[in-house]
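Q: I'm new to this structure and would like a close look at a single part of it. Could you walk me through the nonpolar core and the residues around it?

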Amino acid sequence: MIENTLTERFKELISAKSASVLDFSRLIGVAQTTLNSQLSSTKGVSSNVILLTLDTFPDVSAEWLLRGKGEMLIASSPNEKKDVFGKTADGTKVLKSAIN
């Protein structure tokens, strides 16, 4: 089985959440040229773009995006504590530990 790279998962997420790279870049607040260059670069997607994406889409699993483990979307639990924006209290905990 061929494992998807972070960039491939990112492209899959863009297709699932928006009509185009332009729409997605507007949603997360980065320039389309920045996102396009990162998606086509061998260096991949920056940690800043990943954090902006996870902040914009709290239902996206950081574990899936970073490591390819589990499902793309997090199934919300009725007992899950959320802040005023609907994000879980530790929504970026996995990402921060993976980056550091």
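A: Let's start right in the middle of things. The largest nonpolar core has 19 residues, and Phe10, Phe24 and Leu35 are the ones with the most contacts inside it. Five helices each supply at least two residues of this core: helix 1 (6-17), helix 2 (21-28), helix 3 (32-40), helix 4 (47-56) and helix 5 (62-67). Helix 1 gives the most, with 4 residues. As a general point, nonpolar side chains in soluble globular proteins tend to be buried together.

Before going further, keep in mind that this is a predicted model. As for the overall layout, the protein has 6 helices and 0 strands, so to read its elements from the N terminus on is to read α-α-α-α-α-α. It is made of 100 residues, and 29% of them count as buried. Its accessible surface comes to about 6,500 Å², with 52% of that belonging to carbon and sulfur atoms. Now take the contacts between residues at least 6 apart in sequence: 52% of them join residues at least 24 apart.

Back to the core, and to Leu35, one of the residues with the most contacts inside it. Leaving out residues up to four places away in sequence, Leu35 touches Phe10, Ile14, Val21, Phe24, Ser25, Val30 and Val49. Phe10 and Phe24, the other two residues named for their contacts inside the core, are both among these partners of Leu35.

Phe24 also turns up where two helices meet. Helix 2 and helix 4 pack with their axes 9 Å apart, at an angle of about 80°. Angles of 65 to 115 degrees count as roughly perpendicular, and that is why this word fits helix 2 and helix 4. On the helix 2 side, the contact is made by Phe24, Leu27 and Ile28, while helix 4 brings Val49, Leu52, Thr53 and Thr56. Sorted by class, that contact has 5 nonpolar residues, 2 polar ones and no charged ones.

Next, follow helix 1 to Leu13. Its relative accessible area is 0%, so Leu13 is buried. Setting aside neighbours within four places in sequence, Leu13 is in contact with Phe24, Thr53, Val60, Trp64, Leu65 and Met72. Thr53 sits 40 residues from Leu13 along the chain, and their C-alpha atoms are separated by 9.6 Å. You've already met Phe24 and Thr53, since both take part in the contact of helix 2 with helix 4.

Not every buried residue here is nonpolar by class. Thr7, also in helix 1, has a relative accessibility of 15%, so it counts as buried. Not counting residues up to four places away in sequence, Thr7 touches Leu39, Gly44 and Val45. Then there's Ser18, in the loop between helix 1 and helix 2. At 16% relative accessibility, Ser18 counts as buried because the cut-off is under 20%. With residues up to four places away left out once more, Ser18 touches Asp23, Phe24 and Leu27. So Phe24 comes up again, this time as a partner of a loop residue.

For contrast, look at Ala75, in the loop between helix 5 and helix 6 (93-99). With a relative accessible area of 68%, Ala75 is exposed. Ala75 and Ser61 are 14 residues apart in sequence, and 9.3 Å separates them from C-alpha to C-alpha.

Note on methods: Residues numbered from 1 in each chain as written. Predicted model: local features only at pLDDT ≥ 70, side-chain atom pairs only at ≥ 80, totals over all residues. Heavy atoms only, no water. Buried < 20%, exposed > 50% of the residue type's maximum accessible area, 1.4 Å probe, protein only. Contact = heavy atoms within 4.5 Å. Areas by Shrake-Rupley, 256 points an atom, 1.4 Å probe, with all protein chains shown as cover. Core = buried A, V, L, I, M, F, W, Y, C linked by side-chain atoms within 4.5 Å. Axes fitted to C-alpha atoms, helices over the stretch in contact; angles between N-to-C directions. Parallel < 35°, antiparallel > 145°, perpendicular 65-115°, else oblique. Nonpolar A, V, L, I, M, F, W, Y, C, P; charged D, E, K, R; others polar.
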